[in-house]
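Please examine the structure below with attention to its pockets and to its nonpolar surface.

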Amino acid sequence: WMKGYENREVFSAMSPPSEAFRRAMVPSEISQAPLHTLVVRQSGEAWTKPFAAVFEPCSESEPATINSIEAFSATGASDAFVGLRIESLSGRTDYVLSSDKALSCTYQDISFTGTFGVVTREGNSTTLFLGSGTQLAEGSLRIEMAGNEAGSAVLSSADGIFFLTADSPVKIMIPDSFGKGVPVLDLGTKQIEGSRSEEGEINMIEFLVPVVSWQELDLLIEN
């Protein structure tokens with residue numbers, strides 16, 4: 001799948017065998033085989049008509065799982081922004097957000113500031129992947145870099161269980177399902193006291209978390 005624009009041409013061809021293969025490492029029927037090649041040409045300027053494509057490897061034994069792909073626009077985004085909504089047969093939906101500039105933009109209940117991010121919904125689970133940026137949020141789930149520099153982080157939520165990884169200090173906001181008491185995040189080596197706030201009609205808990213490798217978040221309530 002490729003996002004189309006006016007004056008865009010797509011060519012499919014077979015190219016000569018690749019010189020990148022070490023012939024002693026792969027069979028000759030692979031190293032000497034012609035390669036399937038895709039060439040895309042955009043007449044005129046292409047800065048506001050970016051090349052965006054989705055590839056899914058598949059075979060007879062492992063058929064394709066993507067059901068549909070749809071491009072979307074985001075409010076406040078640059079002209080070079082690309083948004084893709086990818087639905088899988090399993091019920092999983094990925095919202096891919098890519099931009100040349102780290103402008104704050106919104107699409108439905110997703111808000112994003114950065115150059116690359118993905119929001120994944122599947123059943124009762126939601127995952128925020130902030131590839132490069134300062135904030136990504138979906139509904140009552142939010143990642144926000146503690147400083148002004150762009151960073152990377154992943155926050156996953158499923159049935160009240162949360163997982164997190166971050167390469168810089170990050171603020172996370174999650175739904176307040178406790179209602180009272182002092183919320184505490186136990187990272188094993190450190191306990192972090194959280195604060196409460198309201199986002200519209202939703203009660204939230206906020207934690208400032210240091211750099212952390214992928215791990216489950218242990219949430220406690222102290223009376």
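The paragraphs that follow treat the pockets and then a surface patch.

This is a predicted model, in which local features need pLDDT of at least 70 and side-chain atom pairs count only at pLDDT 80 or more, while totals for chains, interfaces and linings use all residues. Residues are numbered from 1 along each chain as its sequence is written, and side-chain values use heavy atoms, with hydrogens and water left out.

A pocket is an open set of points on a 1 Å grid over the protein atoms alone, with protein on both sides within 12 Å along at least five of seven lines; its lining residues have an atom within 4 Å of a point. The largest pocket has a volume of about 320 Å³, a volume being the space filled by probe spheres set on the points. Of its 20 lining residues, Ala53, Val54, Leu84, Ile86 and Val96 lie nearest the centre. Strand 4 (82-88) gives the most to this lining, with four residues; strands are DSSP runs (E, at least two residues) numbered from the N terminus.

The second largest pocket has a volume of about 180 Å³. Strand 8 (125-138) and strand 12 (170-175) each supply at least two residues of its lining, and residues lining this pocket include Thr126, Glu138, Ile174 and Phe178.

On the surface, Val10, Leu38 and Phe55 make a nonpolar patch of about 340 Å². Such patches consist of residues with over 30% relative accessible area and no salt bridge, nonpolar side chains being joined within 5 Å; a salt bridge is a side-chain nitrogen of Lys or Arg within 4 Å of a carboxyl oxygen of Asp or Glu. Accessible areas come from the Shrake-Rupley method with a 1.4 Å probe. Phe55 lies in the loop between strand 2 (35-42) and strand 3 (66-72). Phe55 has a relative accessible area of 67% and is therefore exposed, the cut-off being over 50%.

Key: 1 Å grid on protein atoms, 1.4 Å probe; cavity = no way out; pocket = protein on both sides within 12 Å on 5 of 7 lines; lining within 4 Å. Patch = residues over 30% accessible without salt bridge, like charges linked within 9 Å, V, L, I, M, F, W, Y side chains within 5 Å. Buried < 20%, exposed > 50% of the residue type's maximum accessible area, 1.4 Å probe, protein only.
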